[in-house]
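Reader: Could you take a close look at a single part of this one for me? I'd like the pairing and the packing, with the cut-offs spelled out.

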Amino acid sequence: MKNQTQAIHLPYVRRDAFDALSMPVYNAVAYEFDDAQTMSDAFCSRIDAPDYGRCENPTTRYFEERVKAVTGASAVIAFNSGMAAISNTLIALTSQGKNVVTSRHLFGNSYALLTHTLRKFGVEARLGDLTNVDEVASMVDDNTCCIFLEILTNPQMEVADLRALAKIAHAHQIPLVADTTTIPFTKFSSHKLGVDIEVVSSTKYISGGATSLGGLVIDYGTTAGFADTMKNEMLFNLGAYMNPNTAFMQTMGLETLDARYRVQSANALELATRLQSLPVIKRVNYVGLPDNPYHDLARSQFGDTAGAMVCIDLESKEACFHFINRLQLVHRATNLFDNRTLAIHPASTIFGLYTDEERQSMDILDTTVRLSIGLEDVEDVFEDVKQALR
């Protein structure tokens, strides 16, 4: 079956008592066992059965199985946020004295996790230019535990060569870990490009209109023991498993993901193209535009779409605030890939607590407005942007 069909028609692990077409929400913490041996086997993973709600739930498990079917992964674990997926993955891979090779071009909290939180536990973040293959190769040593990056950085819109980075990682027998939130896994296969572990904020495209917070760790089975560590250590000891109500909503979102993404990505390309005609906009940053420096690489990796995030640069921070304040249809809100189009000034919000020097090192500009393009008629969004720019 094709991806979209798999996303809708994967059968339940066990038949539902009432043959419901949609997986029921099992708001259960504890599960009954027939005898002591079966209970022991479940807790020690000798049989495939839920043992406790903090680590496994039938509704959440079904969501994981659907994602696994769509991606062809070896294992999928659902978490209660995208940051939980990232932090659990990096904690599972790192230890005191180890280092992570990564970029300064990371989402604000991912950057803080690596440069501040993990540093307190003796883990070094080695920050470099991941578009420079030679530089990356020079940064990796015997204490490097992984290379971590975002496939399309937010909001810099940088694209690194995943095949080249995978070659470096695998030569050192370490995993390439990629945050693929900005392009859905229904559209391209990160594993075919060399990614070993994929982390996704399912809050974004998958949830379907920002219905719920969630995150996914998608393991392709190339890193020895990783899935067992995630299941038997991270879930048990850190307790960040996705709750069943969220899993139910995100299972529904997964069914319409491909259809929604096709509209959103087409809207983003159309809007980005039109925005180039407005002189007041100093730069339109969207890798789907043919003149974007990352266009060819992005197309070779992600196919014929480029996501639903468009960034524009205006004359000044004051101009950005004026523009955002005048928007009437577009919402002033954070988040990405909602059904509604959203606008935010990253430098003063997501990166607002960093110093000017830190923002400068991360290429976060005061002149940038980030737009997350929704499902509205693109003509209406364009008209709202035009009137707000006057």
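Author: Strand 9 (residues 309-313) and strand 12 (residues 368-372) run antiparallel, joined by five bridges. Two strands count as paired here if DSSP finds at least two bridges between them, and both helices (H or I, at least four residues) and strands (E, at least two) are DSSP runs, numbered from the N terminus. Within this pair, valine 310 sits opposite leucine 371 of strand 12.

Before going on, a word on the model: it's a predicted one, so local features need pLDDT of at least 70 and side-chain atom pairs count only at pLDDT 80 or more, while totals for chains, interfaces and linings use all residues. Residues are numbered from 1 along each chain as its sequence is written, and side-chain values use heavy atoms, with hydrogens and water left out.

Now zoom out to the sheet. It's open, with five strands in the order 8-9-12-11-10 and mixed pairing. Strand 8 (283-285) and strand 10 (331-332) are the edge strands, each pairing on one side only. Helix 9 (residues 244-275) packs on this sheet, touching strand 8, strand 9 and strand 12, where contact means heavy atoms within 4.5 Å. The direction of helix 9 makes about 15° with that of strand 9; axes are lines fitted to C-alpha atoms, for helices over the stretch in contact, and angles run from 0 to 180 degrees between N-to-C directions. Then there's helix 11 (residues 317-326), lying across strand 9, strand 10, strand 11 (342-344) and strand 12. Helix 11 runs at about 30° to strand 12.
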